[in-house]
Every structure is written in C-alpha cells, then in structure tokens.
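This briefing introduces one protein structure to a reader who is new to the subject. Please keep the sequence and the structure in view while reading.

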Amino acid sequence: MKLNIYPDNQTLSAQVANEVIALIKRMPDAVFCLASGDTPRIACQLVAEKAISEGIDFSKCTFVGLDEWLGVAPDNEGSCHHFFKTLLIEPLRLSPNQTFLFDALATNPQEECKKMDENIFNKGGIDLMIVGIGMNGHIGFNEPGISFEKYSHVADLDNTTVTVGQKYFSSPTNLKQGITLGLKHLMESKRVILMANGKKKAGVIAKAVGGEISNQFPATIIQRHQNGEVAIDEEASSELNLKIIQS
Ligand code: PGA
C-alpha cells in the first residue's frame, strides 16, 4: 500500500482526477468505480472538466457506482444516483449501457447484487476503484463486522452511517439499509485509491493505515491490496504516526 499526502484537498482531488483521465487515455474500455459523497466531489468535477477540455473519449469505458441507499429514489438529491448523474454521467455523456448503478428501488435487491456482480465479471473486473472512508471505517456500505470475502450485498447500516448520512439529505430521511459492492470487489480491483480529506478524517485514516487489519474496521483492508494507495490531504494525515509507517 502506498501513502500519498497532498497539501490540500484541491491538489489531492486533481491528482485523483488525473488518474481517471490517464486510465481512460491508456485504456479507453476501462472499468472504473467511484464512490459518491463529499470526498470525491471535486475529483468528479475535475474528471468531467478535463474530459471535456481535453476531448477525451469516455464512450467505450464502463462506470460502476460503488453503492446506494436502499429505498431512496434516484431523483432524491441525497441519493448516490443523483450524485453520479449530475457530476459524471451527464457531463461525460455516459450511456445507460456503459453505466452500472444499483437500483435502490428494486423489488429484489439480492437479484440486483447478482446482476451487478455479473456485469462486473463480464467486463473482466474493475481496473480502478476510488473510494472514501466513513467515520466508522466503512468503505461503501461495508460496515464494521463485514466479511472481506463478500461481493455485492445488502447491508444493515451502522448507527454512525445512519447519523452521518443525514448530511446528504435536505430533510430527515429514513436510512436503514444500503446496497454496495463488497470488499472482495475491492481486493480484486486492479488498482484502488482510498481518498480522505480534512481534520475530521485524521483519526480514521490513522486507524486504516496503521491499525491492525480487521473487519471491525473495514478500511484496514487497503493495507492488503497489492496496488492500493491511500491519498489524503495534510489535514487528514495529522494523526498518522509516520515514523512507524516508514519503518
Ligand atoms: P464522505 O463519506 O465522503 O461524505 O465523507 C465517506 C463515506 O462515508 O464513505
């Protein structure tokens, strides 16, 4: 696992956006997966801006959305769907057949998971996965206690996720379950970048990078990924014990 610390969130986001752009230039039919949320917001905007200004062809790639709040309609502005649609799918003009998003209103969410897994396997797996980290150490909706061996699944949301998740919604929203790619997808992805910014993420980053690998803190799995990178800004690095990590 590599650790890269950037001076601020703008620089971090530009770097991550460059990775997406470089991947699509090198491999136009690549499969890339992004998280929604506050962390990747600027990176997504920069991907779209660069793709347009540099005339990069995204028509052959496949985009996979990391997760979704189960039961939340796609037009709800707090949904992951809405985030992906406004920040990536519309600006990059991605067509429905190159976009894999979980249907949060599916009558059979287990089927929805199977469909997602099959779609990913049929495309030959994920080339680049960009994820954030929750205040409980989750990645996507891989909540504390989750098996590292799972592909897509429905998750009962941890209390922290339910509480913190309200920030995305304009009015109080009933959040109980999520639908998410699993950590096995993450381990099988050819490259993974775990991003974090700001002081409030310093504690969870210290644990993810320096803590014992455990499913009680799912983000520690990044330490096991052969081509994993933790990309953070200086504020999010403020609780790292860099001497220990470098030794
Ligand atoms: P955030 O969410 O990017 O909005 O901080 C991260 C997460 O919960 O995974």
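The points below treat the sheet, the helices packed on it, one buried residue and the surroundings of the ligand.

The structure is a predicted model. Its open sheet consists of seven strands with parallel pairing.

**The sheet**

- The order of the strands across the sheet is E1-E10-E9-E6-E2-E3-E5.
- Strand E1 (2–6) and strand E5 each have a single partner strand and stand at the edges, so one side of each is left without a neighbour in the sheet.
- In general, the strands of a sheet pair through backbone hydrogen bonds, in either a parallel or an antiparallel manner.
- Strand E2 and strand E6 (residues 128–131) run parallel and are joined by three bridges.
- Phe32 stands opposite Leu128, which belongs to E6.

**Helices packed on the sheet**

- Helix H1 (residues 9–26) packs on the sheet and touches E1, E2, E6, strand E9 (192–196) and strand E10 (228–233).
- The direction of H1 makes about 160 degrees with that of E9.
- Helix H3 also packs on the sheet, where it touches E2, E3 and E5.
- The direction of H3 makes about 150 degrees with that of E3.

**The buried side of helix H3**

- Helix H3 spans residues 80–89, and its buried residues are Cys80, Phe83, Phe84, Leu87, Leu88 and Ile89.
- These residues lie on the same side of H3 because they cover an arc of only 145 degrees around the axis.
- The cover over the buried residues of H3 includes strand E2 (31–34), helix H2 (41–53), strand E3 (62–65), strand E4 (67–69) and strand E5 (99–100).

**Thr180, a buried residue**

- Thr180 is part of strand E8 (residues 177–180).
- Why does Thr180 count as buried? Its relative accessibility is 0%, and a residue is called buried when this value is under 20%.
- The side chain of Thr180 reaches the backbone nitrogen of Phe141 at 3.1 Å.
- Beyond its neighbours within four places in sequence, Thr180 is in contact with several residues, among them Leu66, Asp67, Phe102, Tyr151 and His153.

**Around the ligand**

- The residues that surround the ligand are Gly37, Asp38, Thr39, Ile133, Gly134, His138, Lys167, Tyr168 and Lys201.
- His138 has a polar side-chain atom 2.7 Å from an oxygen atom of the ligand.
- In the side chain of Tyr168, an N or O atom is 2.5 Å from an oxygen atom of the ligand.
- Lys201 has a polar side-chain atom that lies 2.7 Å from an oxygen atom of the ligand.

Methods: Residues are numbered from 1 along each chain as its sequence is written. This is a predicted model: local features need pLDDT of at least 70, side-chain atom pairs count only at pLDDT 80 or more; totals for chains, interfaces and linings use all residues. Side-chain values use heavy atoms; hydrogens and water are left out. Buried means under 20% relative accessible area, exposed over 50%, partly exposed in between (1.4 Å probe, protein chains only). Helices (H or I, at least four residues) and strands (E, at least two) are DSSP runs, numbered from the N terminus. The arc is that of the directions from the helix axis to the C-beta atoms. Contact means heavy atoms within 4.5 Å. Two strands pair if DSSP finds at least two bridges between them. Axes are lines fitted to C-alpha atoms, for helices over the stretch in contact, and angles run from 0 to 180 degrees between N-to-C directions. A polar contact is a pair of N or O atoms within 3.5 Å; within protein, one must be able to donate a hydrogen and the other to accept it, and residues adjacent in sequence count only if both atoms are side-chain atoms. A residue is near a molecule or strand if one of its heavy atoms lies within 4 Å of it.
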